[in-house]
There are 2 protein chains.
Amino acid sequence: MNVVFIGSGNVATHMAQAFKSAGCNITQVISKTLENAQMLADRVGAIALTDFSMMMRDADFYVISVSDHSITTVAKYLEAIDGIVVHTSGATAMNALNKCRHYGVLYPLQTFSKATSLDFSGVPLFIEASDNESLKVLNTVACRLSKKVYNVNTEQRGVLHLSAVFVCNFVNQLYQLGAELMKDNQLDFEMLRPLIMETAMKVQNRFPYEVQTGPAVRGDQRTINNHLKMLEPAPALNDIYQLLSDSIKKTHEY
Amino acid sequence: MNVVFIGSGNVATHMAQAFKSAGCNITQVISKTLENAQMLADRVGAIALTDFSMMMRDADFYVISVSDHSITTVAKYLEAIDGIVVHTSGATAMNALNKCRHYGVLYPLQTFSKATSLDFSGVPLFIEASDNESLKVLNTVACRLSKKVYNVNTEQRGVLHLSAVFVCNFVNQLYQLGAELMKDNQLDFEMLRPLIMETAMKVQNRFPYEVQTGPAVRGDQRTINNHLKMLEPAPALNDIYQLLSDSIKKTHEY
């Protein structure tokens, strides 16, 4: 199976390598800057390109993994292609590709950084396609990349993407705020790492509601007040503390 | 070494078991309700008590692991004891025990649930003591319980406790909000679990600042606006989304 990748960012990098490991032949990587295209192309044994004039037109699969606002622009170059064209965006409707002949979505729900490697077979993949035949092919490919493949529609994928912002990006920002508090008091972020791991581990086989701990779920207003006082010099942290404590109380009905 | 435990909650349960595994002899567990005292006493081969009149007065160690507001009340019963009296609270000053002869703090920075077992040797322990001799003994004991023992003062311990609320309790509440969004849209929380794990894994050898992803750090205001619109029916979630996105932007200076 011949695959063309458009894009060379975090998602494209991890996905292209997963396709490669699954035995697919990545023929070309197309990206705006040659340097980025070349870096990914080198990793997966492909040719690097910066424009679409040299793109091979008879590949089986075209994976568009670019920033959301560039997807429709890129799709224009793929309208007369017979292969299946997919994008990898959680926040973009499948219909952004509806000028293509066969199209779909292959959305990986994971946080990718180029410098961090991960086991792609555990990454949940969410697929959607324009027609049954394309869905069948897309499903076969997805199952070679990951053990966790789900069919979802555009609306559900939007909810997945929004939920991911809460459990990943916002969670990471809370790690960041914790790191800042520690640093301001000559304490090492390393001290928080085991707690961070355990907090994530606990919800791997239980639900967050069941395992909540801390002052807000205990209704321990004295500790909450002490913490708010400690945060008086940092109004932004104070607001976040207040809002999330209220959220915990509401969830547990205090 | 003979140890008396006062308390039978989540922290007492995990800690008493760790003392036991480290070869200490837990002689008694004292708790307000006999049922709870008995449950923990059975786990560690101790006698269960509900009041202090029968407490053995020549143990080497007394561990007070009760709710913060009960610590001073409990400490009254331990004033004439020669053994070392410690509490396990992050939010309580060591001086809460200053009527005792030898006293200190043994604070485990971890989220404990009775139903969840964990490897105690990886739990960071923060110690403080009233005198050098007690600190030496406390340090020896702590090092038998865990590989990660740190000396901190009361003020630093308060910061650790506050930081833990951010990276554990608030993080778990974000998992909860994600779970609610998923459930409201007939999606399974299971789909988010690999992302939750990876988000925690990423900061085990890097810093949160380096690995942030998502719309806010990219300055992708279109996606942020779409998400805020999706959250219009849920004002509490909308506020949290806004506040944490602003926090990410501020951290990364947009």
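**Exercise 1. Describe the order and the pairing of the strands in the open sheet of chain B.**

Solution. The sheet of chain B is open and has eight strands in the order 3-2-1-4-5-6-7-8, with mixed pairing. Strands here are DSSP runs of E with at least two residues, helices are runs of H or I with at least four, and both are numbered from the N terminus. Two strands pair if DSSP finds at least two bridges between them. The model is predicted: local features need pLDDT of at least 70, side-chain atom pairs count only at pLDDT 80 or more, and totals for chains, interfaces and linings use all residues. Residues are numbered from 1 along each chain as its sequence is written, chains are lettered from A in the order in which they are written, and side-chain values use heavy atoms, without hydrogens and water.

**Exercise 2. Explain why one side of strand 3 and of strand 8 of chain B is left without a neighbour in the sheet.**

Solution. Strand 3 (47–49) and strand 8 (149–151) of chain B stand at the edges and each has a single partner strand, so one side of each lacks a neighbour in the sheet. From one strand to the next, the twist averages 25 degrees. For strand 3 of chain B, the partner considered here is strand 2 (residues 25–30); three bridges join the two, which run parallel. Within strand 3 of chain B, B:L49 stands opposite B:I30.

**Exercise 3. Determine which strands of chain B are touched by helix 2, and which lie under helix 1.**

Solution. Helix 2 (residues 34–44) of chain B packs on the sheet and touches strand 2 and strand 3 of chain B, where contact means heavy atoms within 4.5 Å. The direction of helix 2 makes about 165 degrees with that of strand 3 of chain B. Such angles run from 0 to 180 degrees between N-to-C directions, with axes fitted to C-alpha atoms, for helices over the stretch in contact. Helix 1 (residues 10–21) of chain B lies across strand 1 (2–6), strand 2, strand 4 (61–64), strand 6 (102–108) and strand 7 (125–129) of chain B. Helix 1 runs at about 170 degrees to strand 1 of chain B.

**Exercise 4. Characterise the interface of chain A and chain B by its area and its contacts.**

Solution. In the first step, 88 residues of chain A are found in contact with 88 residues of chain B. Next, the two chains bury about 8,500 Å² between them, 69% of it on carbon and sulfur atoms; buried area is the accessible area (1.4 Å probe) lost when two parts are put together, summed over both. A:F166, A:V167 and A:L195 supply 8% of the area that chain A buries against chain B, more than any other three residues. Finally, the rule finds zero salt bridges across the interface (a side-chain nitrogen of Lys or Arg within 4 Å of a carboxyl oxygen of Asp or Glu). There are 26 residue pairs in polar contact, both residues at pLDDT 80 or more. A polar contact is a pair of N or O atoms within 3.5 Å; within protein, one must be able to donate a hydrogen and the other to accept it, and residues adjacent in sequence count only if both atoms are side-chain atoms.
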